[in-house]
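Visitor: I have a model in front of me and would like to understand how its parts come by their names. Could you take me through it one feature at a time?

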Amino acid sequence: MQVSASSAGFTPASVAPAISYQELMRKVQLARPKEDLDLLRRAYEFSARYHSMQVRASGEPYLSHPLAVAHTLADMKLDVVCISTGLLHDVVEDTEADASVIKSHFGPEVAHLVEGLTKLSKLDFQSAEARQAENFRKMMLAMVDDVRVILVKLADRLHNMRTLEHVSPEKQERIARETMDIYAPLAHRLGMSKIRGELEDLAFRYLEPAAYQEIAKALEKKRKVNEAFLAEVAGVLDATMSKHDIPARLEARVKRVFSIHQKLRRQRITIDQVYDLLAVRIITETLKDCYAALGVIHNLWRPVPGRIKDFIAMPRPNLYQSLHTSVIHDTGVPFEVQIRTAEMHKTAELGIAAHWRYKEDGPGATKPATKDALDEDQRIAWLRQIVEWQLDVQDPGEFLSTLKVDLYPEEVYTFTPAGKVIILPRDATPVDFAYEIHTGVGHACVGAKVNGRIVPLRYHLKNGDIVEILTQQGHGPSRDWLTIVKTSKARNKIRQWINTRARQKALELGKRLLEKEARRFDVNLKKIEEAVYQTATQDYGFHKIDDLMAAVGFGKYSARQVLTKLSPQPLKEPEEPGKIVATLKQALGISSDGAIVVAGSNDLMTYRAKCCNPIRGEPIVGYITRGKGIGVHAKTCPNVENLMYEAERRIDVEWARTTEDTYPVKLIVYTDERPGMLKEVTQAISDGTNIRTIEAMVDETDHSATIELILDIADMKHLDRVLGGLKRISGVRDIERVLKL
Ligand code: MN
């Protein structure tokens with residue numbers, strides 16, 4: 001049996017054993033005899049060469065740092081690839097060696113791990129708010145595809161913390177804070193209690209030196225007493241376990257400084273009242289041994305009620321398994337006993353590292369077929385998931401959604417320029433990012449810079465991207481965005497915006513249609529009482545009049561229908577509008593053209609746009625105006641391209657089948673100046689076509705004439721016929737149709 005009474009705290013660099021390359025080799029050889037020690041040797045020599053000119057803050061050669069990191073990794077019994085990475089972890093970051101050199105010297109696996117570390121070293125935690133620490137931890141896990149990168153990172157941080165006394169107080173504070181917020185919890189998540197404990201105590205020492213010293217002093221004062229006590233307890237336990245044939249290795253410990261500090265603060269007690277200040281650990285063989293030992297202990301000392309914890313039946317999320325019980329010694333001193341199997345102990349101490357199984361025989365080799373070996377792989381995968389799930393989630397609904405996301409770890413971790421982490425689903429775009437920041441930013445988004453470079457809005461964000469959204473006041477989202485966004489938040493906000501706009505337009509249009517219809521039937525809308533409006537609104541199943549007006553605008557109900565409900569007397573079909581009425585309508589811009597119908601709706605007000613005056617048979621397109629109904633343009637109209645920029649205002653229109661209407665069309669005929677020309681022109685036209693105006697001008701200098709005409713034209717066929725007739729006249733040089741009358 002062996003009893004080791006390790007006291008709390010840390011090992012300062014000054015008393016750390018000198019670490020050497022030879023020792024490292026020996027350690028690895030012992031733990032992993034089959035591995036490629038040549039790789040390790042080359043990694044060491046490479047690191048020694050590239051770091052040769054560098055010195056640490058302590059004055060030691062820089063090489064002492066990667067060597068110490070490698071030792072920690074070797075103590076964790078990690079594979080040679082991982083330990084070599086430890087030796088090389090700062091090479092790309094701090095020397096002129098680049099990634100390709102690492103790859104050519106050490107192969108893709110080591111290069112990949114070193115690259116992961118270089119990537120992590122670029123993360124700036126400083127700018128993070130404290131509440132974002134969890135995001136940073138998650139991001140670190142998301143950014144690496146090989147957990148060994150994290151293990152090396154933790155070993156790296158551990159050595160930096162052990163040697164923190166050599167740097168400036170500002171740097172001490174920053175590094176210690178980072179360690180407390182990011183790295184110690186990360187180690188905890190990964191189940192690495194040993195590293196976590198040391199990181200916490202080291203960080204605590206720099207963050208709250210007074211509190212640290214107070215507890216450390218109290219412990220020091222009682223150190224002799226405590227050690228004697230633990231030795232006595234261990235002796236009794238050892239004898240009793242032997243008597244009951246329970247195999248047991250004993251360890252004893254005094255609670256760590258930071259752990260005590262937390263307990264004192266949380267429970268507002270003094271150090272003497274900490275039940276588990278002193279603890280003995282029994283490491284046995286089987287599950288049965290664990291429970292047998294528990295029974296034996298409870299016979300020896302009185303258990304404290306409510307202090308028995310079965311983490312074997314109910315493992316902690318980081319896979320920690322153990323039985324805990326607090327008992328009272330005959331002298332009245334309470335202490336804790338932890339009981340676990342050797343396997344559980346390994347997991348508790350090393351966490352994920354305990355489960356790290358490297359590919360024994362390289363690629364192509366058959367995997368060990370034992371059930372345990374396979375389970376181990378799955379365990380690592382599962383552990384990683386657990387690590388990612390293990391959020392402090394209060395709301396069960398929120399937990400489910402987190403769970404879902406993490407089950408498919410399809411997230412990207414991005415930053416605002418100020419360093420705030422924004423978590424988005426994989427393939428998310430800058431538009432998603434913009435809406436995640438603020439709806440207003442989303443709506444006003446016109447472009448984005450990623451890592452300082454302009455990218456298209458459909459760019460897929462990557463882990464670690466720093467995203468800056470370019471905005472423009474008054475800009476609105478485009479319907480196209482719906483196809484590029486990945487978050488439901490962005491999608492909903494864009495839809496909402498589009499719907500609001502569409503409704504606004506429909507509302508304007510609906511009001512206009514009703515007014516037009518009211519004028520047609522000579523109903524004075526203003527004289528209709530509010531209550532009548534209300535009743536009509538409710539009859540249609542709406543709450544507000546505006547909703548009804550919008551429904552009219554959307555074409556759900558016709559203006560005539562609604563007017564019938566509103567009108568105090570039955571609607572009477574009006575007589576043909578007189579000339580004055582027609583003129584008035586024209587002046588108001590509401591001379592709705594019955595010749596044009598809007599696809600899917602037969603009661604929307606349309607008018608032929610004055611810029612192009614399209615005629616029957618001409619390809620046309622509708623444009624929803626603000627308050628004037630639907631403007632109908634010739635597809636060839638020069639304004640169309642500009643107007644249709646707002647795609648959602650475009651609407652399909654077509655010519656109604658029958659009508660006897662004609663349209664004024666203005667033509668300019670360029671001819672030679674000769675006698676009888678004007679007569680020939682009018683003759684060619686007047687065959688069934690009404691000429692409204694005709695005006696001719698002669699230019700003596702080049703013997704040309706310009707004849708300007710306005711004709712009543714029924715449709716495109718008619719126009720083509722007229723143009724054909726004109727072109728046949730000898731001396732006609734060119735004919736121009738002037739779109740604007
Ligand atoms: Mn380092």
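Visitor: What do β6 and β7 form, and how many residues lie between them?

Guide: In this model, which is a predicted one, β6 and β7 form a hairpin with five residues between them. In the turn, Gly 332 has a positive phi of about 95°.

Visitor: How do you know that β6 and β7 are paired?

Guide: Two strands count as paired if at least two bridges are found between them. Six bridges join β6 to β7, which covers residues 334-341, and the two run antiparallel; six satisfies a requirement of at least two, so they are a pair. Within this pairing, Ser 326 stands opposite Glu 336 in β7.

Visitor: Which other strands pair with β6, and over how many bridges?

Guide: Strand β4, residues 302-303, pairs with β6 in the antiparallel sense over two bridges, and there Pro 303 stands opposite Val 327. Strand β5, residues 309-310, also pairs with β6 in the antiparallel sense over two bridges, with Asp 310 opposite Leu 323. The rule asks for at least two bridges, so the two bridges between β4 and β6 are enough to call them a pair, and the two between β5 and β6 are enough as well.

Visitor: Why is β6 called largely enclosed?

Guide: A residue is buried when its relative accessible area is under 20%. Six of the six residues of β6, which spans 323-328, are buried, so the strand is largely enclosed by the rest of the structure. Both faces are covered, with Leu 323, Thr 325 and Val 327 buried on one side, and His 324, Ser 326 and Ile 328 buried on the other.

Visitor: What makes β2 largely enclosed?

Guide: Five of the six residues of β2 are buried, so β2 too is largely enclosed by the rest of the structure. Six bridges join β2 to β3, and these strands run antiparallel, with Ala 252 standing opposite Val 280 in β3.

Visitor: Which residues line the largest cavity, and which elements give two or more of them?

Guide: The lining consists of Glu 251, Ala 252, Arg 253, Ala 279, Val 280, Arg 281 and Gln 338. The elements that give two or more residues to this lining are β2 (249-254) and β3 (278-284). The volume of this cavity is about 30 Å³, and the count of cavities of 30 Å³ or more comes to one. By class, the lining has three nonpolar, one polar and three charged residues.

Visitor: Why are β20 and β22 said to stand at the edges of their sheet?

Guide: Four strands form an open sheet in the order β20-β21-β19-β22, with antiparallel pairing. β20 (690-699) and β22 (732-738) each have a single partner strand, so one side of each is left without a neighbour in the sheet, and this is what places them at the edges. From one strand to the next, the twist averages 20°.

Visitor: How do you know that β19 and β22 are paired?

Guide: Six bridges join β19, residues 663-672, to β22, and the two run antiparallel; because a pair needs at least two bridges, six is enough. One bridge links Thr 671 to its partner Val 732 in β22. Helix α27, residues 716-727, packs on the sheet and touches β19, β21 and β22, its direction making about 155° with that of β22.

Key:
Residues are numbered from 1 along each chain as its sequence is written. This is a predicted model: local features need pLDDT of at least 70, side-chain atom pairs count only at pLDDT 80 or more; totals for chains, interfaces and linings use all residues. Side-chain values use heavy atoms; hydrogens and water are left out. Axes are lines fitted to C-alpha atoms, for helices over the stretch in contact, and angles run from 0 to 180 degrees between N-to-C directions. Contact means heavy atoms within 4.5 Å. On a 1 Å grid over the protein atoms alone, a cavity is a set of points where a 1.4 Å probe fits but cannot get out, and a pocket is an open set with protein on both sides within 12 Å along at least five of seven lines; lining residues have an atom within 4 Å of a point. Grid points are joined across faces, edges and corners, and a volume is the space filled by probe spheres set on the points. Ala, Val, Leu, Ile, Met, Phe, Trp, Tyr, Cys and Pro count as nonpolar, Asp, Glu, Lys and Arg as charged, and the others, Gly among them, as polar. Buried means under 20% relative accessible area, exposed over 50%, partly exposed in between (1.4 Å probe, protein chains only).
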